[in-house]
Each structure stands twice: as C-alpha cells, then as structure tokens.
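Biologist: Could you walk me through this structure, one question at a time? I would like to see the reasoning behind each reply.

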Amino acid sequence: MPSYRDLLLLRSASRLLTFQRTIREAPSCLRTYATKCKKPKGVVVGVYQRDSDKPPKTTENAVTLDDSVGGKVMQWIRERNMDGRPGKGLLFSGMEGDFQAIAVVGVGDYDAAFDEEEEMDMGMENVRLAAGAGARALQLQGMSEVHVDGMGYPEQAAEGASLAVWRFNMNKRKKNRTKTPKLDLYGKGDREAWTRGLFKAESQNLARRLSDMPANMMTPSIFAQAAVDALCPCGVTVEVRSMDWIEDMGLSSFLTVAKGSCEPPLMLECAYCGTAPEEKSILLLGMGLTFNSGGLCLKSKTGMDQYRGALAGAAVCVGVLRAASALSLPMNISAIIPLCEHMPSGMAVKCGDVVTLLNGITMGIKDVGKAPVVVMADPLLYGQATHKPKMIIDIGTVAQGVNYGLGGAATGLWTTSDFVHKEFRKAGGITGDRIWRFPLFKYYHQIVTKNTTYDLSNCGRGPATSCLAAAILRSLVPCVDWAHLDNRGTGMLTRTNPLPYLLKNQMTGRPTRTIIQFLYQLACSQS
C-alpha cells in the first residue's frame, strides 16, 4: 500500500497547472492527427465601436475571416446593427469549414488609449473584455479549440481569453465539469506577445486555484507540496522549513498564531536566480493563512468559508515566481511564505498576549482577530536579515479597511518610495488590475507604537485598520524600498461587479499580473 505522503504527492502533481511545459510543447500539441470525430473549433474576432453613421470597422483578422466565409461576418454585423460596445457581441454556430462557431465581439473605440481618470489603458482592457467574452461563449458552446484574434493587443487578448475560460471545478464530478478549450492566436499577430500573455494569465490561474481550494485540501503541508511541484520544474529553488526549524530560528510571532491549530506550520523560502548570483534580490513576502477563523475572536459563521482564501498573498507569490521563471526575467527574486492555520483551541493565542520579535521589539496582541500582521512580523525581519534585499514587497489579505475603501476596484498600496508607486501605477494601468496608494502618516505610526506595557500593538485604535496594519509593518522595515499590498478586497471573493473575464464568487488571484508587470518593468529598466 502506498503511504499517505505518496498519495499526496501523486494528487498534487496531477492537479497542478503546468503551463510552462504546455507552452514549450505547443508545436507538438497543435499537430493534427487523423481521428474519427473532428473536434469542434471556434474563432473570436473583433469589431470596433460604430462612429456615427459610418459603416462598422472590423479588425484586420476579421476581414480575413469574412473573406473566407463569403462576406457573412459583415452581413451579420450590418443586419444585427452591432454597435461595437466592449464585450458585447454575437455568436454564430453551425458553420461549415474550419470553424464551427464564430464569435464577433465589440472592442470599443478604435483610438482608445490610457484614461487618466480610470488610471487604465482602455484599449488594452477592451481587448481583454472582448477576448474573454468571446472565448467564454465558445467554451459554453462546447468548442474544444478556440482561436482568438489579437485585435491589435495579442498579449492582452491571451490574458482575457485564458482568464475567462478557466474554471475551478475539480471537486465536481467529471461529467459535470465545464471543459477548458485549447487557446491559439488567430491570423496575423505577435505570437511572442501572445505567449507572454498566456504565461501571465496562467500564473494568475495558478494563484486562483491555490486560493480557492477548500481548507481541508490546502493545508500548510499540501500548499508546500503544491509550491514545490509548481516551481521546482521551472528552476526555482524551494526550501521547506519545518516547525522545528521555525522554533530554532525564534520566529515567535509566527508560532504564536500557528499553535492554535493541530496542523503544523511551515515556512517556504524560495529563490529565482535570473542574473548574477551576487546581485541583490527583490524580496517577496506572501502571507499564507490557509484558513483564518479569527482564533478566539471567531469570525461570523456567515461567509466564514471565504477565509480559505486568506492565503491569497502566498498564492500570488507562487504565481509570480512561476511567471518570472517562464519569462526569464533578468533579476533575482527571493520569497518568504509563512504557512499556518489560525484556529481556536486550548493552545490558541489569547487577547493581551505579548511576544518578542526577532529585533527585540515586543508586540502586544490586543485583538487576535487581526492576526495577519503577527504572522508576517518575524518572517519579514528574518527575510531582511537573511537575504539583504534591495526592495521588499509584502502581500496579503491583511485588513478589512481596504475592502471598505476600494472594494474590488483596486489593490491597496502603501510604500516608502514614489518610484515604486509610479511603477505600480503604470503596471496596473497596463494589466487592468489597478493599484491605489494609501498614506503612511506618522499619525498611524503613533497609534500603534504609543502603548503602556509593550512597544508595538497588533491593531492600534480606530477604524483605519489597513493603514494601521501598514504602519506596523513599516516600523519593522529599515530604509530599503518597501511596498505593502493589501489584496483583501481583490484577492478573495469579489461579489460586486467582478472583472468580466473573471468569475463571480470565485477567488481572483489578483494582483498577480500587476506584480509580474511591475517586475518586468524593473527588469527592462535595469537592462
């Protein structure tokens, strides 16, 4: 009989996405073989928004498709009076020829560009909407292959289509699962940009899968094995630190929260080397609470199931490392990922407990419901001392305040660097997954540091929970460039107005693509 660990390894290996291998083997995967049943294929093409009484304008590849079907595409557009609004279109099935179904989708204004008010490149975002809407419609029609028009932005078309057709349905019976079609670029276009878009989207899909797994199927040990399976084949080294190691290193704040669960805590230490080993790295810290019940300050039973996604920060880090390796970014990236459950028990941390951090500062845990900063404190100090990075980016579903302030519109950013803010704002505008900067006033620092019997409070006082959490983490970082990303409103379930190419009531994996784009920009500027 195979051991439990052997079964766990087999299960994890079979379920993880292996998009890098898929892309590398694309030529062989796309060979045609003689079969008895022809697999149905569909195609997505775009039409631009109508300008007054002028005839509708289509993309170049739509013109090619129209010629191949005898002018039917333009005929349908005129008969249905399509106006080309982004993401709105028509689906025609039962076709003869290479494609059995055709989706004609609006791409918005032909001259759409960066919108300062929206802080987003609307031309790119409109292509994501169109590609996502068309690919999803063809998927629901049972198409096994979907060819997508690049519509002037093949990278963004790949992102929209890949994100839209992804489904978290592995816990459903096979006959009830929605199948994911193969995606390919239709007609003329930059295939390298298309492949780059697939890399980014599949990295976010990996983060979505890790975040959406039920807590009993994504414990710290299972997450660690999933990270090893996803990253090691790509050349990323992953060290799995056990509970004994964590105790020996004195990561007290992390252990204080972890001891409430019978699941042993783990810490992952990952490294991607894309340039000279002596070059200083960028350090990522991803909070990995595989389930956050609130501990003795138990969260409400209504909606508690969504806190399986409290590991969204850790999931994003794994996705970013995967994409960095796939894109061969010329930089060094390190990652620290603390993994544990936050549960109530006789061993659980109590309100009013005090722990001493690695730097000698004492932290009072006034509210155990605000455990994320406690989990991140010592790993943040350890990462700085060990890796001596040139920049630190920590990410996690830390506090509810950012969700009240921004909802699912943007991820909150706190940073000590105007340059970092500028690059993140640019990256969010390109990816359509925006970042919004919040302040690091001394006002918040004073609230969390002025305490009677200890140096630092884990919650402070007042309603500005996200700003106070950022102030706590900021007090643990010296003068190095630092950014704190709180994806509490974007990385977990987005029930209100989700992005059209994502699914409502499922984890989003945000802002994986924005961090990848940010690192891509840094790599380009350095080279």
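**Backbone, strands and salt bridges**

Biologist: Where is P511 found?
Modeller: Happy to start there, and please keep in mind that this is a predicted model. The peptide bond from R510 to P511 is cis, with omega near 0 degrees. As for its place in the chain, P511 is found in the loop between β19 (481–486) and α18 (512–526).

Biologist: Phi of N81 is positive in a residue other than glycine; is N81 buried or exposed?
Modeller: The phi value of N81 is near 55 degrees, and the residue lies in the loop between α5 (72–79) and β2 (89–93). The cut-off for exposed is over 50% relative accessible area. N81 has 53% relative accessibility, so it counts as exposed.

Biologist: S328 is not a glycine and has a positive phi; in which loop is it found?
Modeller: Phi of S328 is about 55 degrees. With 53% relative accessibility, S328 counts as exposed. Its loop is the one between α12 (312–326) and β12 (332–342).

Biologist: How many residues of strand β10 are buried?
Modeller: In a regular strand the side chains alternate between the two faces of the sheet. On one side of β10 sit I282, L284 and G286, and on the other L283 and L285. Both of these faces are covered. The count of buried residues in β10 (282–286) is therefore 5 of 5.

Biologist: What is the bridge partner of L285 in β12?
Modeller: Strands β10 and β12 run parallel and are joined by 4 bridges. L285 belongs to one face of β10 and is buried. Its bridge partner in β12 is I336.

Biologist: And which residue is the bridge partner of L283 in β15?
Modeller: Here β10 is joined to strand β15 (residues 391–396) by 5 bridges, again with the strands running parallel. L283 is buried and on the same side of β10 as L285. Across in β15, its bridge partner is I392.

Biologist: Which residue stands opposite M363 in β18?
Modeller: There is an open sheet of 3 strands with mixed pairing, in the order β13-β14-β18. Its edge strands, each pairing on one side only, are β13 (353–356) and β18 (456–457). Strand β14 (residues 362–365) pairs with β18 in the parallel sense over 2 bridges. Opposite M363 in β18 stands L456.

Biologist: How many residues of helix α17 are buried?
Modeller: This helix covers residues 465–474 and is mostly covered. Its buried residues are T465, S466, C467, L468, A469, A470, A471, I472 and L473. That puts the buried count for α17 at 9 of 10 residues.

Biologist: R425 forms a salt bridge with E116; how many residues apart in sequence are the parts this pair ties together?
Modeller: The closest N and O atoms of R425 and E116 are 3.3 Å apart. R425 lies in helix α15 (residues 418–431) and E116 in the loop between β4 (114–115) and β5 (120–121), so the pair ties together parts that are 309 residues apart in sequence. R425 is partly exposed at 28% relative accessible area, while E116 is exposed at 55%. The separation you asked for is 309 residues.

Biologist: E155 and R196 also meet in a salt bridge; is R196 buried or exposed?
Modeller: The N to O distance between these side chains is 2.9 Å. The pair links distant parts of the chain, with E155 in helix α7 (residues 154–165) and R196 in helix α8 (residues 191–212), 41 residues apart. E155 has 10% relative accessibility and counts as buried. R196 is at 19%, and because the cut-off for buried is under 20%, R196 counts as buried.

Biologist: Which residues do salt bridges that share partners join into one network?
Modeller: First, a separate pair: R191 and D184 meet in a salt bridge at 2.9 Å, N to O. R191 counts as partly exposed at 40% relative accessibility, whereas D184 counts as buried at 14%. The residues joined into one network by salt bridges that share partners are E125, R128, E159 and R513.

Conventions. Residues numbered from 1 in each chain as written. Predicted model: local features only at pLDDT ≥ 70, side-chain atom pairs only at ≥ 80, totals over all residues. Heavy atoms only, no water. Buried < 20%, exposed > 50% of the residue type's maximum accessible area, 1.4 Å probe, protein only. Pairing = 2+ DSSP bridges. Salt bridge = Lys/Arg side-chain N within 4 Å of Asp/Glu carboxyl O.
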